[in-house]
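Trainee: Got a minute to go through this one with me? I'd like to start with how far to trust it.

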Amino acid sequence: MLKAFCIGCIALCTVSCLSPTGAVMTDVDAQYWCKPAEVTLENADTTTFCDLQLLLRCNQLFTADSIRMTVTFFTPDSITYAERLTFPVDHDRRASALRNTIEVPYRQHIILQHSGSYRISLTPYMPQHGIEAVGLNRTKSK
């Protein structure tokens, strides 16, 4: 009985780790975000196309219509790739529970070619006020 339970738990963990979707976020200083914020995206699927979206959890102090930042990827095989981008921000009117999370497309139809941990550093070009957390959301491409 215990053996079957353990096998079931291992199978459940394995399937959940292979899922090509999920969000990772980290808190930042909402009063004055200026330092790099790093998130880790675990990858076990090296064949499925996915999309990445930038996630911003913000409060009423964040009113900008765009945010300029440097996105730096550190791949499991030790390659570093950095780019400076400007993301448009749409302050749409959603239900109050979702109002403070903004999702902006970053990359579409990509394959993370290596299994392991991808570290992503998000650094604002200018200090930002009202952003409470930042991260990435990975979804399966359509």
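Mentor: Sure. This is a predicted model, and pLDDT is the predictor's confidence in each residue, from 0 to 100. The mean pLDDT of the protein is 84, with 80% of its residues at 70 or more.

Trainee: Which elements have the lowest and the highest mean pLDDT?

Mentor: Helix H1, residues 2-18, has the lowest at 44, while S7 has the highest at 97. Over residues 4-20 the pLDDT is below 50, and that stretch has nine contacts in the model beyond near neighbours in sequence.

Trainee: How should I treat coordinates where pLDDT is low?

Mentor: Don't read them in detail there.

Trainee: OK, on to the sheets. What's the strand order in the open one with four strands?

Mentor: S1-S8-S3-S6, with antiparallel pairing. S1 (22-27) and S6 (101-110) each have a single partner strand, so one side of each lacks a neighbour in the sheet. From one strand to the next, the twist averages 15 degrees.

Trainee: How many bridges are there between S1 and S8?

Mentor: Six, and the pair is antiparallel, with S8 spanning residues 131-140. Valine 24 has leucine 136 in S8 as its bridge partner.

Trainee: And S2, which strand is that joined to?

Mentor: S7, residues 116-124, through seven bridges, again antiparallel. Asparagine 43 sits opposite glycine 116 of S7.

Trainee: Which S2 residues are on the covered face and which on the uncovered one?

Mentor: S2 covers residues 37-43. Ala37, Val39, Leu41 and Asn43 make up the covered face, and Glu38, Thr40 and Glu42 the uncovered one.

Technical notes. Residues numbered from 1 in each chain as written. Predicted model: local features only at pLDDT ≥ 70, side-chain atom pairs only at ≥ 80, totals over all residues. Heavy atoms only, no water. Pairing = 2+ DSSP bridges. Helix = DSSP H or I, 4+ residues; strand = E, 2+ residues; numbered from the N terminus. Axes fitted to C-alpha atoms, helices over the stretch in contact; angles between N-to-C directions. Buried < 20%, exposed > 50% of the residue type's maximum accessible area, 1.4 Å probe, protein only. Contact = heavy atoms within 4.5 Å.
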